[in-house]
Protein chains: 2
Amino acid sequence: MNVAEYMSELGQKARAASRLMARADTGSKNAALDAMARVLDASREQLVAANQKDLENGRANGLDAAMLDRLELTPARIDTMIEGLRQVAALPDPIGGITDMNYRPSGIQIGKMRVPLGVIGIIYESRPNVTAEAASLCLKSGNATILRGGSEAIHSNHAIAACVSQGLVEAGLPAEAVQVVETTDRAAVGELITMPEYVDVIVPRGGKGLIERISRDARVPVIKHLDGICHVYIDDQADKSKAINIAINAKTHRYGTCNTMETLLVNRAVAAEMLPELAEHYAELGVELRGCAATRELLPQVNEATEEDWATEYLAPILAVKVVEDMAEAIEHINRWGSHHTDAIITENYTKARAFLREVDSSSVMVNASTRFADGFEYGLGAEIGISTDKIHARGPVGLEGLTSQKYVVLGDGQIRQ
Amino acid sequence: MNVAEYMSELGQKARAASRLMARADTGSKNAALDAMARVLDASREQLVAANQKDLENGRANGLDAAMLDRLELTPARIDTMIEGLRQVAALPDPIGGITDMNYRPSGIQIGKMRVPLGVIGIIYESRPNVTAEAASLCLKSGNATILRGGSEAIHSNHAIAACVSQGLVEAGLPAEAVQVVETTDRAAVGELITMPEYVDVIVPRGGKGLIERISRDARVPVIKHLDGICHVYIDDQADKSKAINIAINAKTHRYGTCNTMETLLVNRAVAAEMLPELAEHYAELGVELRGCAATRELLPQVNEATEEDWATEYLAPILAVKVVEDMAEAIEHINRWGSHHTDAIITENYTKARAFLREVDSSSVMVNASTRFADGFEYGLGAEIGISTDKIHARGPVGLEGLTSQKYVVLGDGQIRQ
């Protein structure tokens, strides 16, 4: 069978399963999640054996140590996967909730009911635990899923998918509600992202290259996350200790995350007071600074920042620093060079805090808090399928609600249109 | 200048204007809408003169009577356009509203602020009044707009756009917040729908051919409306007079609208009671019926319906009729053959009403009400830019809120991530 036919068949099965999932009650969905957790727990040997095959192939194919590490299913990672399923079971069911129910002058009553999107395609790289995590979020939100993991993790993904299917069947839900693409042929991705008749949305999880490729070629909506070029702006009316704590935390709490600060903007009036002390802390922590001319006047040892630095997500212990005249220049810089992800102002001034919140065009805008808080768990979503840097549909951390839509429900008493 | 350069320049200006529009206060936006209404009122002569040119060209180019009618700017239509602007001014401003503001265990406070999408591209056909209407909705929702009307209405559209620009400038808002594409070159549409750097969403308004073409080629999200294949299902526990009133109203109130019923589904147990009486009414009103075998047993004069009829949006006095065994078959038929637009059940049974609302996968699902109510004004949205048959972002009638997004706002007190 060729790849196009195979994917189309997968799509048809997913579409059919999605109809059953849409009407599945909360109890069945939670029972399936609990069953999956139980089956995974009972299948540890098979999971490790399958994972060994992937690791051996990976070593034979020359994968680097970081890749091999991401690929490995350690007992602790299996524990985390099982715990994750139980946590999703404990989350409230988003489906079926009705809001804004009001009477209209015609006598009809109208509201909005939360419904699943339908079929969600997930495309991801190396980490096999994503198989269980993505499946659980799609399941809880009443969707069917087609999962396409990295070819290097194919045996691990199939072993996990077998447990997931068994859990679904034990709870009386269709096994096809979660399907893993069986072929490692790259053409399968091309098919998956161009079948709007079977797939309602694609969520790519992986590097920027993968996501850009998928966004360019998709004929299905994509919930995507590109860069995280986050800023902290220290205003001239900032509280000094808050400013220093947040500037250190936003950069150094973790270097590789999308909500890490990449550029620090400092008001000229407080640059001399803030920058030398900050530079000392950063130096202790091994963070390289790259500064504008005004920064380098205060900190002569700092390398020069170019325009390229303003547009770079370092994901590393490097920080670009710019001195700005006022908040307007900071906002201008953020909206121009940032990635509309997460940006913070440090200020005690009420009016400036209000203006910053309104005028910065980012998915998360913060006052006196570290950019590192931009996260589905910190925001109380209970789960996170990703962070969207788009404005359409979902913006910022995407939890279960991002995998749903709303339909209008109209209750009448025989009303007709006049 | 070539079309690509021209459109890219338009896009850059729109992007710059969108930043100013995002922070424009409600008073300025309303002042602009009022000024536009005033300028249009004072420019009736110029509007009619420009429209005369379009009508003359249209006649010379052999446009049919229906097209010429849609193209014409009568005094009454100018009144409606002016009144429309004043109505949009009177609507509440969706921008800046903050919801779901809650404290988290970390001490940060988090909520969602409603924000504009940015730049909206509107692509439409003949009716020049869309220029003012679309401009007003995008303006009120804080967006910049690029309008691309039909080439047959180019002089009318420019005359209206001149009034719109003057209104913007009088209110101190950027004239580039509403731009009309000056060229009739078709390549301009191709550019408009493939510049995600300048355009955040496309709203096509026109025939199905136009919308399909745009959806296929766009690299920007499209809020679109395709078919309206709407159903009414008369349950065996329907109240007879409600069923008959609604079945007549849903089909015959207007034939050319997307929320008109195209297929009537009748439960076998009440078919003999309902169908002959309904057929009489339809015959009086000149509606042609096309029925399944069971329908034709009861109504031998009715033509045969084929599968093509189940999939057709007639937009005409034609109705497909099918007898079904039970509600499950009705739902199955609707989800398979419908267009996920608007579907209604007529029943007095509480449990079936509840199941129908949950299981029918359409943007509006109704109990005991005419499908003709699926409309932004009837739903209380105050305005309607279109009806979306998509699930992503906006579904069903799209009002001002459909032209907005939400960003997270985080208020802290110096919190850092632990």
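Two strands count as paired if DSSP finds at least two bridges between them. The exercises below apply this to a predicted model.

**Exercise 1. Describe the four-stranded open sheet of chain A: in what order do its strands lie, and which strands stand at its edges?**

Solution. Begin with the order, which is β5-β4-β3-β6 in chain A, with parallel pairing throughout this open sheet. The edge strands are β5 (178-180) and β6 (201-205) of chain A, each of which pairs on one side only. Neighbouring strands of this sheet are turned against each other by 20° on average, when direction is ignored.

Next, take one pair in detail: strand β3 (residues 119-124) of chain A and strand β4 (residues 144-148) of chain A run parallel and are joined by five bridges, and A:Ile122 has A:Leu147 in β4(A) as its bridge partner.

Finally, add the helices. Helix α6 (residues 129-140) of chain A lies across β3, β4, β5 and β6 of chain A, at about 160° to β3(A), while helix α9 (residues 208-217) of chain A lies across β3 and β6 of chain A, at about 160° to β6(A).

**Exercise 2. Decide whether A:Ser18 is buried or exposed, and find what it touches.**

Solution. First place the residue: A:Ser18 belongs to helix α1 (residues 3-23) of chain A. Its relative accessibility is 5%, and because the cut-off for buried is under 20%, A:Ser18 counts as buried. When its neighbours within four places in sequence are left aside, A:Ser18 is in contact with A:Gly118, A:Val119, A:Gly142 and A:Ala144.

**Exercise 3. Work out how α2(A) and α5(A) are oriented to each other, and then do the same for α3(B) and α7(B).**

Solution. In chain A, the axes of helix α2 (residues 26-42) and helix α5 (residues 75-90) come within 9 Å and cross at roughly 170°. Angles over 145 degrees count as roughly antiparallel, and α2(A) and α5(A) are therefore roughly antiparallel to each other. By class, their contact has nine nonpolar, one polar and four charged residues; among them, A:Leu33, A:Met36 and A:Arg38 lie in α2(A), and A:Met81, A:Leu85 and A:Arg86 lie in α5(A).

In chain B, helix α3 (residues 44-60) and helix α7 (residues 154-170) pack at an angle of about 160°, with their axes 7 Å apart. The cut-off applies again, so α3(B) and α7(B) are also roughly antiparallel to each other. Here the contact has six nonpolar, five polar and two charged residues.

**Exercise 4. Establish how chain B is related to chain A, and which strands form the sheet that both chains share.**

Solution. A rotation of 180° with 0.0 Å of shift along its axis superposes chain B on chain A, with an RMSD of 0.0 Å, which means that the relation is that of a two-fold axis. In chain B, B:His393 has the C-alpha nearest this axis, 1.9 Å from it. Because 100% of the interface residues of chain B are also interface residues in chain A, the copies meet through the same surface.

The open sheet has 10 strands in the order β1(A)-β2(A)-β16(A)-β13(B)-β12(B)-β7(B)-β8(B)-β11(B)-β9(B)-β10(B), and its pairing is mixed. At its edges stand β1 (98-103) of chain A and β10 (303-304) of chain B, each with a single partner strand, so one side of each is left without a neighbour in the sheet. Strand β9 (residues 288-291) of chain B pairs with β10(B) in the parallel sense over two bridges, and the bridge partner of B:Gly291 in β10(B) is B:Glu304.

Conventions: Residues are numbered from 1 along each chain as its sequence is written. Chains are lettered from A and ligands numbered from 1 in the order in which they are written. This is a predicted model: local features need pLDDT of at least 70, side-chain atom pairs count only at pLDDT 80 or more; totals for chains, interfaces and linings use all residues. Side-chain values use heavy atoms; hydrogens and water are left out. Buried means under 20% relative accessible area, exposed over 50%, partly exposed in between (1.4 Å probe, protein chains only). Contact means heavy atoms within 4.5 Å. Copies are superposed by least squares on the C-alpha atoms of residues with pLDDT of at least 70 in both. Axes are lines fitted to C-alpha atoms, for helices over the stretch in contact, and angles run from 0 to 180 degrees between N-to-C directions. Angles under 35 degrees count as roughly parallel, over 145 as roughly antiparallel, 65 to 115 as roughly perpendicular and the rest as oblique. Ala, Val, Leu, Ile, Met, Phe, Trp, Tyr, Cys and Pro count as nonpolar, Asp, Glu, Lys and Arg as charged, and the others, Gly among them, as polar.
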